[in-house]
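Student: I'd like to go through the core and the aromatic pairs with you. Can we start from the picture?

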Amino acid sequence: MIKEIMKYDNTFNESEFISKVDRIFIMFLDSIMHKDVTMVDHYASDTICSYVSNLITEYSQKKVIRLFDEANIKSTDILDFKILDNKYIIKVELISRYKDYFIEEESGSYVSGIDDHRIETKHILTFEKYVNAIDSGIVTSCTNCVNANEVGVCPFCNKVILMEKYEYILTEIDTFKN
């Protein structure tokens, strides 16, 4: 599978990609816990950001916080690769472990979920990158922009660096149960 990807995407590096997938997944969980979609917005599609925003709204209306304590990634494997509509599409199976529970916003009291042990959960994630994507090295909007792989917003010009123009971004994730 890796050779097939590299045949079309000569910038692809398996270990870097897997590391990025793991990091984006943890950022996804963190964005839900901290009720802050900006934690993941430059690494995810509008659909994913909308999904996170909807969860944040739902949890805020219920006055609860969803926690993913002791989160880690057990394994990440590439399942499929295809080219469709001028995009490279990679499907990934990610197995994670975490405690998944809700607490009240005000008191911090336990509401529901699993808070006494970590559960192992399998997720299928989809990442996409434009076939003619620009090299992601140093992505500049102004003369002071920094490495887009480290930050998503330039601290000088405050422009959000849209990773979809440069890198693989998260476009689908199986649904988290509420």
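Tutor: Sure, let's start with one residue: leaving aside neighbours within four places in sequence, I90 is in contact (heavy atoms within 4.5 Å) with I5, F12, F17, I78, D80, F81, L125, T126, F127 and Y168. This is a predicted model, where local features need pLDDT of at least 70, side-chain atom pairs count only at pLDDT 80 or more, and totals for chains, interfaces and linings use all residues. Residues are numbered from 1 along each chain as its sequence is written, and side-chain values use heavy atoms, with hydrogens and water left out.

Student: Why is F17 called buried?

Tutor: Buried means under 20% relative accessible area, exposed over 50% and partly exposed in between (1.4 Å probe, protein chains only). F17 has 5%, so F17 is buried. Y168, at 3%, counts as buried too.

Student: What makes the F17 and Y168 pair edge-to-face?

Tutor: Rings of Phe, Tyr and Trp (its six-membered ring) pair if their centres lie within 6.5 Å; planes under 30 degrees apart are stacked, over 60 edge-to-face, the rest tilted. Here the centres are 5.3 Å apart and the planes at 75°, so the pair is edge-to-face. F17 lies in helix α2 and Y168 in the loop between β3 and β4, so the pair ties together parts 151 residues apart in sequence.

Student: And why are Y101 and Y110 called tilted?

Tutor: Their centres are 6.4 Å apart, with 35° between the planes, so the pair falls between the stacked and edge-to-face cut-offs. Y101 is buried at 10%, whereas Y110 is partly exposed at 42%.

Methods:
Helices (H or I, at least four residues) and strands (E, at least two) are DSSP runs, numbered from the N terminus.
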